[in-house]
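Please open the model in your viewer and keep the sequence panel beside it. The tour goes from a single residue outwards, with something to select at each stop.

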Amino acid sequence: QNLLSHVQLKSRARHTPNLDISALENGVKNPMFATYADGTWIRMVLTEDGKVTLEASTEALAIAFYESKKQDPVTLKSDATVSTIFRTEDLYSPDYVRVGSKAANYGELARLLNTADRTVVRTGFGIPFFYYDQFVNANPNIKAAIESILRDPLMAKVAKVTYREAKLKALQEMMTSETAVVDDKLIADLIAQFDQIRVNDLPRSIKLRSSTNSEDLPNFNGAGLYDSNSYKPTKDGKEKSTEKKIKSLKEALQGTWASVWNLRAFDERNYFRIPHAQVKMGMQVNPTFGNEIADGVVVTKNVAREAGGSDIGVYIEVQRGDKHSVANPEAGVKPQKVLVTYDPAQPLEKTSYKIQVLQHSNIADDNEAILPQDNPNPVMLDEEILDLTYQVLKAQAHFGPVLDPENKKFALDLEFKVDKEDTGARQIYIKQARPYID
């Protein structure tokens with residue numbers, strides 16, 4: 001896994017190891033597993049010399065170990081009384097209590113980085129928690145199922161994965177059902193606003209990204225736990241009918257709301273002792289990138305520990321196109337890895353930036369084919385790397401005092417695109433910023 005994949009980000013935030021047994025010869029068919037029956041609890045030990053050993057464990061000991069690693073209980077904040085559909089430029093970081101940290105930080109980022117001459121953060125909207133609560137309350141069967149899950153002691157049992165998964169799946173099916181009630185006025189208001197964002201005289205597709213009050217926090221990133229969905233107002237180059245637009249938007253809203261109850265999200269919240277009843281789903285909304293040139297993740301810290309082991313640096317993982325993800329990589333796919341060092345006394349002085357390519361991508365120039373060897377052609381141009389470094393260091397200087405003023409080593413984890421759909425020229429766009437937890 002890449003250093004900036006969701007799995008790795010979670011491991012760092014949890015302070016837990018990340019071990020893939022498929023890396024061992026023959027995977028679970030390796031002889032070291034031969035004496036253990038399926039379903040056996042095993043303690044895996046990685047020694048300092050790099051060897052893995054297995055020890056039999058009782059279920060009770062395994063669960064006790066798991067419980068000992070849990071975090072301190074968390075209390076979530078939310079204000080679900082506000083029904084305003086916010087424009088991006090009207091959102092500030094403190095608005096996380098109404099729209100979630102992702103949407104609030106997106107607005108803060110837009111006001112910081114956008115200028116009269118250039119858009120670095122695409123304009124969009126923030127949908128508040130009010131509408132998640134409204135949806136749940138308008139569907140008594142959904143509300144009752146949530147209350148039943150919250151009362152059920154088996155949902156907290158580590159070993160009851162199959163039971164937990166079935167209960168959550170049944171709830172999500174209720175939430176995404178065609179018969180579930182979604183407020184007609186909300187649908188109409190959103191379509192009216194979304195359809196004003198047009199290209200080539202057609203409304204653009206809109207991404208509805210999860211923005212809960214239990215992600216993108218200084219002590220919990222929640223990377224990859226929830227789902228994003230798209231509103232698609234066109235098909236085959238033609239604008240859809242109003243009826244089909246309504247269907248598309250309703251499905252996108254329901255799918256995103258339902259992801260509050262993803263198994264992976266539920267289990268992660270259990271681990272961090274986040275109360276499920278306090279979770280609210282808002283949304284960060286922005287135009288989709290139809291055919292991006294590159295997609296990547298950047299951290300304002302040298303997490304690769306290159307350049308003499310100093311933390312100072314900007315570390316980038318980026319991939320061609322949008323088929324191969326940095327955050328959720330496929331086996332055998334390598335992103336381009338880049339480290340940029342800078343003068344900490346002058347972090348916004350571009351002339352001090354030094355680019356070091358640590359790894360080339362192995363995706364072909366067609367943005368799809370996986371090559372048997374590295375592709376020497378860069379995914380990003382040097383001027384794009386320098387521009388991205390400048391923008392993210394500017395963001396870090398701003399967000400540190402806002403989000404985590406006591407943390408002297410504050411760093412940001414940001415997602416970005418390279419795209420030319422809007423301007424006709426390649427350009428960096430930033431689509432998310434959250435505290436980096438290490």
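Select Tyr132 and show what surrounds it: apart from neighbours within four places in sequence, Tyr132 is in contact with Ile146, Met175, Trp257, Val260, Trp261, Val279, Lys280 and Met281. Bear in mind throughout that this is a predicted model. Tyr132 belongs to helix H5, which covers residues 130–138. Is Tyr132 buried or exposed? Its relative accessible area is 3%, and because buried means under 20%, Tyr132 counts as buried. Now add Met281 to the selection and compare sequence with space, for Tyr132 and Met281 are 149 residues apart along the chain, while their C-alpha atoms are 5.9 Å apart.

Ile146, one of the contacts of Tyr132, leads to the next stop, since Ile146 is among the buried residues of H6. Select helix H6, residues 140–151, and check its length: at 1.5 Å a residue its twelve residues should span 16 Å, and the end C-alpha atoms are indeed 16 Å apart, so the two values agree. Within H6, colour Ile142, Ala145, Ile146 and Ile149, which are buried. These residues cover an arc of only 100 degrees around the axis, so they lie on the same side of H6. An α-helix has 3.6 residues a turn, so residues three or four places apart point the same way. Turn the view to the other side of H6, where Pro140 and Arg151 are exposed. To see what covers the buried residues of H6, display H5, helix H7 (161–175) and helix H10 (263–271), which are among the elements that do so.

Move next to the strands and select S12 to S17, which make up an open sheet of six strands, in the order S15-S14-S13-S12-S16-S17, with antiparallel pairing. Strand S15 (354–359) and strand S17 (427–435) stand at the edges with a single partner strand each, so one side of each has no neighbour in the sheet. Looking across the sheet, you can follow a twist that averages 20 degrees from one strand to the next.

Which residues of S12 point each way? Select strand S12, residues 294–299, where six of the six residues are buried. Ala294, Gly296 and Val298 point one way from S12, whereas Asp295, Val297 and Val299 point the other way, and all are buried. In a regular strand the side chains alternate between the two faces of the sheet.

From S12, step to each of its partners in turn. With strand S13 (residues 314–320), S12 pairs in the antiparallel sense over six bridges, and the bridge partner of Val297 in S13 is Glu317. S12 also runs antiparallel to S16, joined to it by six bridges, and here Val299 stands opposite Asp413. Continue outwards from strand S16 (residues 412–419) to S17, a pair that is antiparallel over eight bridges, with Val418 opposite Ile428.

Finally, zoom out to the whole protein, which has eleven helices and 17 strands. Its radius of gyration is 23 Å, close to the 22 Å that the globule rule gives for 438 residues, so the protein is as compact as a globular protein of that length. Along the principal axes, its C-alpha atoms fill a box of roughly 65 × 60 × 45 Å. Colour by burial and you will find that buried residues make up 47% of the 438 residues. If you display contacts between residues at least 6 apart in sequence, 67% of them join residues at least 24 apart.

Key. Residues numbered from 1 in each chain as written. Predicted model: local features only at pLDDT ≥ 70, side-chain atom pairs only at ≥ 80, totals over all residues. Heavy atoms only, no water. Helix = DSSP H or I, 4+ residues; strand = E, 2+ residues; numbered from the N terminus. Buried < 20%, exposed > 50% of the residue type's maximum accessible area, 1.4 Å probe, protein only. Contact = heavy atoms within 4.5 Å. Expected span 1.5 Å × (residues − 1). Arc of directions from axis to C-beta. Pairing = 2+ DSSP bridges. Axes fitted to C-alpha atoms, helices over the stretch in contact; angles between N-to-C directions. Rg over C-alpha atoms; globule rule 2.2 N^0.38 Å.
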